[in-house]
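I opened the model to look up one helix, the nonpolar cores and the aromatic rings. My entries follow.

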Amino acid sequence: MPLKTRREFLVHSGVALTGIAASPRLLAAQAPTAAPQKMRGLMVDAGRVPESLSYYRRVIDFCSEWELNTLHFRLADDQGTALRFTSAPDLLAHKDAFAPDQLHDLAVYAQTRGVDLLPELESFGHTGFITRSPAYAHLLDSSAEGEAEFTGVIPVNPETLALFRKLYGEVASIFPSIYFHGGCDEVNWGGSLLSRRALQTRTRAQIWADYLNSLNHVSQGLGKHFIVWGDFILHKEPEILDKLDKSIIIMDWDYRENNSAQVQEAYLKARANGSRAIGAPGLIHYEWGARPGGEQLHNIDAFADAYLDKNDPGSLGLILTNWIPSRYIQNSIWDGFGYAAVAFQQGTATAQTSGFHRFVEKHYQANWNETWDEAFRLIYDFAPSVQDRETSSWMGLRLITPWSSDEELTAALKEKSPRHNPFPRLRSLLALLEPAVRRNLADFKAFTLSADYLESLYWRQSVIAQTADNSSAALLIQIIARRDQALAAALNADWDNGRPADSPAKSQPIFNLAPKDQLLYQWTKAAAYSASLAAHPGCFSQLIAASIQAS
């Protein structure tokens, strides 16, 4: 694009030219002529925890190899922005945020691999990257009812839309995709003075729709098809739906829904309104720790069954979402991606009968056998969930965080010993399988490390719960401390291999993330605590004795 024309585009879009005009590799968006083939893809959550560009290229390569054509790239969240905006440099940026050129190069690399890098910029809720900055703190809105987990920006403040007009223009100049995802899920608003005044003359649904329609207008002006999440529009406040511009694409998610009929019902609601939709099942999300359970395979199946009709122009396809990288070991969950790829391409029946079989033979170049089958059954059947499942068939454990203080150890000593720990068996199976792995051995080792983590997590919980007296407490805490330190070292090395070694998510609590969301940080704390007890075993003995006496 000629420089003069490009400058005119950026000025028209409201994008500051400082720092951008000198970068000839950035592209302005081209007006789309038609929507491409149906999306089949994955999502990365750089907005929560930016990972290395080499890892993102690996995900792109995986998509290409498995015939997935889209990588949904989340740019920002409450924790910060993974893009260093030149149009609004005062936003709260992650320590390891990327320059515009870096992400543009990544988008071009994806194009060469037949993958569309689809950007998402949260534009209503999940906007702490804006409102936690002193420059934009006045745009913060909150629930009219008071305290709430999520906040948002004030939708009726003219400064809000003016800011997003700049940000959208810059994102559009970086990502060639004809799609633009505006987020807009999990938002609480209405508590600010401006919002309260607006609600005196307009309904919540009207304000919601007017705001989203305005964002859509900005996106369309940049030549983009606009996408928003569907939780409020289809489920929580469905009266918004008929007030939306029909060109807005709705991306539906419900990570606990395993009934394809229910998923399809929500989709048909969008279609009846004249809207198009994308299905968004989840792999790792708010209920899972190091590994997803079998319930998530059912969730993938339910969405795939509802959205895979090739003859339905209203269904734009499927994106497998995957949230908060610090929850899990980076390269340990390729099998979940592989299962989804088979379900999206060949259908759920094929995925259910041979999804992991195909993954093992393709990704690890190993021969499938009964040992592989048992290993995958164990990891998905027993993966721990944050909440006990309501179904009687659920075999998984309740997700715990490793005790790392006197108070947490005391509470753990009062709890009943966890149910049978299946992970030593899994670990032994993986040891048998490792010699057969001929490709991506590092990924298999990461898979094994996730099993090591789960085995140790429940072992250290059960070994203290089963302590009958404190006579062997000194020896026990020495064993625990050694195992804790060894695993902490392995987890730390794995993090540094694919994520920035100085990432705050590795070594300190992150804003608005629960303990379960930072696996390495929590284990490092636990290892430091057990080491301190091993250095002063009398303290551990006293805690054991106090627990025995109290019981």
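**Helix α5**

I worked on a predicted model. In α5 I listed the buried residues: T160, L163, F164, L167, Y168, G169, E170, V171, A172, S173 and I174. The helix covers residues 158-174, 17 in number. From first C-alpha to last I got 25 Å, close to the 24 Å expected at 1.5 Å a residue. I then checked the start of α5, where a side-chain oxygen of N157 comes to within 2.9 Å of the backbone nitrogen of E159.

**Cores**

I looked up the largest nonpolar core and found 157 residues in it, with L103, L121 and L212 having the most contacts inside. Helix α16 (residues 441-465) gives the most to this core, nine residues. For L103 I left aside neighbours within four places in sequence; its contacts are L53, F73, L75, A82, L83, F98, L117, I174 and F175. I also noted a second, separate core of 17 residues, which includes W403, L409, A412 and L543.

**Rings**

A search of the whole structure gave me 35 aromatic pairs. How are the rings of Y339 and F356 placed? Their centres are 5.4 Å apart and their planes are at 35°, so I entered the pair as tilted. Y339 lies in helix α11 (residues 334-346) and F356 in helix α12 (residues 348-363), so the pair ties together parts 17 residues apart in sequence. Y339 is buried, at a relative accessible area of 3%; F356 is buried too, at 11%.

Last, I looked for charges over rings. The charged end of R132 sits over the ring of F511, 3.9 Å from its centre. The charged end of R460 sits over the ring of W403, 3.8 Å from its centre.

Definitions and conventions
Residues are numbered from 1 along each chain as its sequence is written. This is a predicted model: local features need pLDDT of at least 70, side-chain atom pairs count only at pLDDT 80 or more; totals for chains, interfaces and linings use all residues. Side-chain values use heavy atoms; hydrogens and water are left out. Helices (H or I, at least four residues) and strands (E, at least two) are DSSP runs, numbered from the N terminus. The expected span of a helix is 1.5 Å times one less than its number of residues. Buried means under 20% relative accessible area, exposed over 50%, partly exposed in between (1.4 Å probe, protein chains only). A polar contact is a pair of N or O atoms within 3.5 Å; within protein, one must be able to donate a hydrogen and the other to accept it, and residues adjacent in sequence count only if both atoms are side-chain atoms. A nonpolar core is a set of buried Ala, Val, Leu, Ile, Met, Phe, Trp, Tyr and Cys residues joined through side-chain atoms within 4.5 Å. Contact means heavy atoms within 4.5 Å. Rings of Phe, Tyr and Trp (its six-membered ring) pair if their centres lie within 6.5 Å; planes under 30 degrees apart count as stacked, over 60 as edge-to-face and the rest as tilted. A charge sits over a ring if NZ of Lys or CZ of Arg is within 6 Å of the ring centre and within 35 degrees of the ring normal.
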